[in-house]
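Biologist: Could you take me through one part of this model in some detail? I'd like a close look at the open sheet, and then a word on how the rest of the chain is arranged around the ligand.

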Amino acid sequence: MISLTGILVTGIIAIVVYSLFFNKDGKKYPKGPFAWPVIGNGFALKDRPEKTLIEWGKYYGDVFQIYFGKDRAYVVTDLKLAKELFNDTAFSARPNNELFHIFSEGPIGVLNSSGKVWLEQRRFTLRHLRDFGFVRYEQDDPRLWSIFIKNKELSELITRNPFLLFAPNIAKLFPKWSGWNQFLDLAVSMKTIVRGHVEDHRRNTPEDGVPRDFIDAYLKEIESTDDGSSSFYKDAGVQNLTAVIGDLFGAGFETVTLTVSWATLYLVRFQEIQKRFQAELDNVVGRNRFPALADRPLLPFVEATIAESMRLGTIVPLGLFHVADQDAKIRGFDVPKGTWLLCPLYGFHYDEKYFPNPEEFKPERFLSPDGKKFQKHEALVPFAFGKRACLGETLARDEVFLFLTNMFHRYSFIPAPENPKPSLEPTGGFTLAPQDYKVIVTERL
Ligand code: HEM
């Protein structure tokens, strides 16, 4: 009879032989931790993957290699090099990750697409997002809440089941265990809501032909496109529209909510900073009107506090995955076409070299020495950088500013007595969220 030990030993020998002989293709690859065939480094990246990657970076160097399932990925932990690479179109494609395609039925839309489709969709979305925002809702529209809640559930699901993201090929084989089925259900219900929006707009076009919102503008573009190779052409256009709206919901909701939650948490924990934040608002805005975007240049401490909360929160700790769409080289290493590229943003935000005592909440880091001016920092990169940098950055910055200034101008926030020191440790995952905390809100008179 074959013993368990025999199976184990044979398995280990098979793995060693595989990695010794089958990875030798004459190319020069960077070093990296041992990766299991098929599974890759998924297990090691289960909890707080950004911390593990930073530790690996210290050991293996600024450019090292890991595997997501069977996909080779290079991790770049040097900020200057990361910026150079993400500025290069050769590294601006997205992985062909099945998980990302569940929403959009293929690499279309803006978030998960590559090449020509991505260029066309990104350009259009950037231009029109500025004019409209993306969908207009009444505040109590149940669809808004439904999308909001499903989005949150999706992000929590990925957090609980990192295999969904890091090794979808494995996750798919064990659909119940890995959360794959649940993911499909949530994705289908989100897609139904998005399709409903698009159908409403198609049935109900504006009488004067002037777009009311992003979807109208997009449908107009589809109508005026007669180039069959364009991603706006006929049915391809409608599919891309649905994918883009899904992308904007997916990328635009949770991110802003998490950023506001982090900043609120820090202001609750550091009451003296909350007071300074409010004092600056009172000085500049007064008590007789609401804060507005136009006040921003006169509110350096407010801006610095938001910047510092974005740094500490780092809600997208790994950034998003990029892919080389052609053979290339990085620091002398071969980069075969299809290699993933990862620049963990968390590492830059928590680097002593840029932000001494990085765990401390210190808005002054972003002020000029006389305290009168807000100062950007090259290593504060919550929206990433380069050709694929966050498309919603301007909108997100405006939203975060308006939420926080209006909240703290009108109300004060203190911790609830049952938890006077709410934790600053995030719930780990693909996005970093604060743990639930309770506050007492009082109106400022
Ligand atoms: C504070 C809030 C936000 C943060 C921190 C954030 C962060 C990011 C990051 C790190 C990326 C990845 C960039 C890369 O691939 O290298 C990204 C991409 C993206 N974000 Fe945001 N984001 C925020 C809000 C928004 C909002 C409000 C929208 C839209 C309404 C949005 C839409 C997108 C889209 C469409 C992409 C993909 C761009 C592309 O693939 O070309 N984001 N965001």
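Modeller: Happy to! Strand β2 (residues 71–76) and strand β6 (residues 340–342) run parallel and are joined by 3 bridges. One residue to find on screen is A73, whose bridge partner in β6 is W340. Keep in mind that this is a predicted model. The two strands belong to an open sheet of 4 strands with mixed pairing, in the order β1-β2-β6-β3. At its edges stand β1 (63–68) and β3 (322–323); each has a single partner strand, so one side of each lacks a neighbour in the sheet.

Now to the ligand. Its shell holds 27 residues, with G252, T255, A384, C390 and G392 the closest. Two or more residues come from each of α11 (234–252), α12 (254–269) and α16 (393–410), and α11 gives the largest share, 4 residues. Sorted by class, the shell has 19 nonpolar, 5 polar and 3 charged residues. Domain 1 (108–252) and domain 2 (254–314 + 350–443) each supply at least three residues to this shell.

Stepping back, the protein chain has 16 helices and 10 strands. Its radius of gyration is 24 Å, close to the 22 Å that the globule rule gives for 445 residues, so the chain is as compact as a globular protein of that length. Along the principal axes, the C-alpha atoms fill a box of roughly 80 × 55 × 45 Å. Of the 445 residues, 37% count as buried. Among contacts with a separation of 6 or more, 70% link residues 24 or more positions apart.

Terms used:
Residues numbered from 1 in each chain as written. Predicted model: local features only at pLDDT ≥ 70, side-chain atom pairs only at ≥ 80, totals over all residues. Pairing = 2+ DSSP bridges. Near = placed C-beta within 6 Å. Nonpolar A, V, L, I, M, F, W, Y, C, P; charged D, E, K, R; others polar. Domains from an automatic or database assignment. Rg over C-alpha atoms; globule rule 2.2 N^0.38 Å. Buried ≥ 20, exposed ≤ 12 C-beta atoms within 10 Å, placed from the backbone. Contact = placed C-beta atoms within 7 Å.
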